[in-house]
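Biologist: I am new to this protein and would like to learn how to read its features one at a time. Could we look at the model together?

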Amino acid sequence: MVDAAQDERFMQRALTLAQKSIGLASPNPQVGCVLTAGGTIIGEGAHIYDNRDHAEIAALKQAASRGISVVGATAYVTLEPCSHQGRTGPCADALIAARIGRCVVATRDPNPLVSGRGISKLRDAGIEVTVGVLQQQARDLDDPFAHFIQHHRPFVTLKAALSVDGYLAPPPTNRLPDQPHWITGSAARHEVQRLRHASDAILTGIGTVLADDPALTDRSTLPRRRPLLRVILDSQLRTPLTAKLLHPASQDLLILHAASAPTQKIEALQSAGAELSAIETENGHLSLPAVLAALAERNILSLLLEAGSHLNGAFLTQNLVDKVVLFYGETELGAGAIPFAQGIDSPFLFQQTLHRQTQTPFGPDAQITGYIHDPWPNEPAKP
């Protein structure tokens, strides 16, 4: 007899394992697996890209190292066991060979080419399969993978810190040069570091570089498999050689520019440690679809947009943003301040269009999160 509460308890543990692989699994999904027998955990694992083993294999190996048989065991997996040969063999086949008795799956594989095949393999082998336990939590963890595997484009999250009256920054006349203007407090800024850590790349424009002189680094201190790629859109290469971005820059700074950019600036920025790449232009600006295509070729699954009003507006009006995270501080900036996004009349009206909206307090500040596009296939959970 199925114990729903027990299924949720062990799946929650599998999700916790998957969460620990944030920053370590990309470009593969974050997956956790727990093996149980008699209501006791006998093996568990998570997928770490550099370790190669998928979560199911890691859990099977742990049980074997303890001398525990997995025959008749139950496997709790946050993502459908793979059915195809990749860098490693199919996990569905490994579970069948191990002779487990039951498999509980949080969500199906979002890859339309293989979705459901792992589940079918298990069922054809006589293994009982339950699908959909804590499905939304599992999907939230792997939004970038789900989006990328279907569209071959990074999952774009727009992050902005706004004043209580909805503005991005004070008027330029009220700001000191090369100095950021903090709108939110330390708790919200700590959460931003967590967002950066969960991203493969962060992107901003030359306007933000000149106004704020940001470093755009992941300061979470958490381990990651590959450096956070810092991407700057700078069509004519106005990035100063004194910019914080360049000190240091070591295979983690990509400046995208127009083909017409000055050759001497290309050479100078390359000598300072930046990688440069020419991108096609549209109406005098770098083509944002071309930017995303270039990042996809680098296996960038998740992109955090931390930009100014112009670039925020360009991404939004071209329908290139998938998720939005807005932090509201207590500061009021008043009329004449810089808007959240050019072409968007009000962030308050805009956020009403977001799906699955949530609100979370961070100290005195509030975080509003919501989706513009659901990255997962639009299909009901199947038993």
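**Rings, cores and cysteines**

Modeller: Let us begin with a single side chain, keeping in mind that this is a predicted model: phenylalanine 348 is partly exposed, with a relative accessible area of 32%.

Biologist: Which residue forms an aromatic pair with phenylalanine 348, and is that pair stacked or tilted?

Modeller: The partner is tyrosine 328, and the pair is stacked, with 5.5 Å from centre to centre and 15 degrees between the planes. Tyrosine 328 belongs to strand S15 and phenylalanine 348 to helix H12 (residues 347-351), so that the pair links parts of the chain 20 residues apart. Unlike its partly exposed partner, tyrosine 328 counts as buried, at 11% relative accessibility.

Biologist: How many aromatic pairs does the structure hold?

Modeller: There are 4, and one of them joins phenylalanine 10 to tyrosine 76, whose ring centres are 5.4 Å apart and whose planes meet at 45 degrees, so this pair is tilted. The two rings come from distant parts of the chain, helix H1 (residues 4-19) and strand S3 (residues 74-77). Phenylalanine 10 is buried, with a relative accessible area of 3%, and tyrosine 76 is buried as well, at 1%. Arginine 9, in turn, lies over the face of phenylalanine 10, at 4.5 Å from the ring centre.

Biologist: How should I read a nonpolar core, and which residues have the most contacts inside the largest one?

Modeller: As a general idea, nonpolar side chains in soluble globular proteins tend to be buried together. Here the largest nonpolar core has 39 residues, and those with the most contacts inside it are Leu203, Leu233, Leu295, Phe315 and Phe340. Several elements give two or more residues to this core, including strand S9 (229-233), strand S10 (253-257) and helix H11 (309-317), while H10 gives the most, with 5 residues. A second, separate core of 33 residues includes Leu60, Ala73, Leu95 and Phe145.

Biologist: Why does the sulfur of cysteine 82 form no bond with the closest cysteine sulfur?

Modeller: A disulfide needs two cysteine sulfur atoms within 2.5 Å, and the sulfur of cysteine 82 is 3.7 Å from its closest counterpart, in cysteine 91, which is too far for a bond. For cysteine 33 the closest cysteine sulfur, in cysteine 103, is 7.3 Å away, again too far for a bond. Cysteine 33 is buried, with a relative accessible area of 0%, and the structure holds 0 disulfides.

Definitions and conventions
Residues are numbered from 1 along each chain as its sequence is written. This is a predicted model: local features need pLDDT of at least 70, side-chain atom pairs count only at pLDDT 80 or more; totals for chains, interfaces and linings use all residues. Side-chain values use heavy atoms; hydrogens and water are left out. Buried means under 20% relative accessible area, exposed over 50%, partly exposed in between (1.4 Å probe, protein chains only). A nonpolar core is a set of buried Ala, Val, Leu, Ile, Met, Phe, Trp, Tyr and Cys residues joined through side-chain atoms within 4.5 Å. Helices (H or I, at least four residues) and strands (E, at least two) are DSSP runs, numbered from the N terminus. Rings of Phe, Tyr and Trp (its six-membered ring) pair if their centres lie within 6.5 Å; planes under 30 degrees apart count as stacked, over 60 as edge-to-face and the rest as tilted. A charge sits over a ring if NZ of Lys or CZ of Arg is within 6 Å of the ring centre and within 35 degrees of the ring normal.
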